[in-house]
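Colleague: Could you take me through one part of this model closely, namely the sheet together with the helix that packs on it? I would also like to hear about the cysteines and any unusual backbone angles along the way.

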Amino acid sequence: MRTLIHAEVPRRAERPPAVPLQGNRGGDARWPAPRQLEASEVGRLLTMLLEAYDGRRPVPQIRGLVAPEVYAGFSGPRWTRPRHRLCRVHTCTPAPDVIEACTRVEADGRSFALAARFTRTPAGWQCVRFALLKPSGPAQRTHRQAAA
C-alpha cells in the first residue's frame, strides 16, 4: 500500500513581491511614465494649440496640454485671427524629458516662425513655451551719418 505522501499535490509557489515600475520618476507606481513623442504627434499638438490661438478651438480644451503661463497667454482677449497652417515640423531633444519644436506657419499668404518647448510631466507631455514669431510692423530703417 502507498502512503498519501506520494500522492500529495505540490503547493503553489508563493507570489513574488511586487516590483515597482522603474520608468516612473517618483510618481505613483500605477501610472507609467509617458513615452517619447514622435514628430507627427508634436505636429498634432501644435495644430491643436494653433486652433486655440486662432479661435477655432475653445481654449479650455487645451488646459491640460499647456503650462499655466502659456494658458494665460491663450485665454486673453479674443481677436479675429487668420487661420494658421503648419508646414514641416522640426524637433530636437536637448534633454531626455524635453522636446523642442520649430516650424513655419502660413497665414494670409505670409510665413511666420513658430517655436515650442514640451516637457515630460508625470501626467504627460506639456507645452511650457509657445511663441508665434511675427514681424512687429513695417521695418524701421536707421540712417547712419557719414563720418566726415
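Modeller: What follows goes from the sheet to the helix, and then to the turns and the cysteines.

Please keep in mind throughout that this is a predicted model. The sheet is an open one of four strands, arranged in the order β1-β2-β3-β4 with antiparallel pairing. Its edge strands are β1 and β4, each of which pairs on one side only, and from one strand to the next the twist averages 20 degrees. In general, the strands of a sheet pair through backbone hydrogen bonds, either parallel or antiparallel. Within this sheet, β2 and β3 run antiparallel and are joined by 10 bridges; to pick out one position, Arg104 has Ala113 in β3 as its bridge partner.

In the loop between β2 and β3 you will find Asp108, a residue that has a positive phi of about 55 degrees although it is not a glycine. The side of the question that concerns solvent is simple here, because Asp108 has a relative accessible area of 66%, over the 50% above which a residue counts as exposed.

Turning to the helix, α1 lies across β1, β2, β3 and β4, and runs at about 120 degrees to β1. Helix α1 covers residues 39-54, and its 16 residues should span 22 Å at 1.5 Å a residue, so the 22 Å between its end C-alpha atoms agrees with that expectation. Buried residues in α1 include Val42, Leu45, Leu46, Leu49 and Leu50, and among them are also Glu41, Glu51 and Asp54. What covers the buried residues of α1 includes the strands β1 (85-95), β2 (98-107), β3 (110-121) and β4 (124-133), and also the helix α2 (68-74). After α1 comes Gly55, whose phi is positive, near 95 degrees.

As for the cysteines, a disulfide is a covalent bond between the sulfur atoms of two cysteines. With a cut-off of 2.5 Å between the sulfur atoms, the count of disulfides comes to zero. For Cys92, the closest cysteine sulfur is that of Cys102, and because the two sulfurs are 7.5 Å apart, they are too far from each other for a bond. Cys92 is partly exposed, with a relative accessible area of 38%, whereas Cys127 counts as buried because its relative accessibility is 0%.

Technical notes. Residues numbered from 1 in each chain as written. Predicted model: local features only at pLDDT ≥ 70, side-chain atom pairs only at ≥ 80, totals over all residues. Heavy atoms only, no water. Helix = DSSP H or I, 4+ residues; strand = E, 2+ residues; numbered from the N terminus. Expected span 1.5 Å × (residues − 1). Buried < 20%, exposed > 50% of the residue type's maximum accessible area, 1.4 Å probe, protein only. Contact = heavy atoms within 4.5 Å. Pairing = 2+ DSSP bridges. Axes fitted to C-alpha atoms, helices over the stretch in contact; angles between N-to-C directions.
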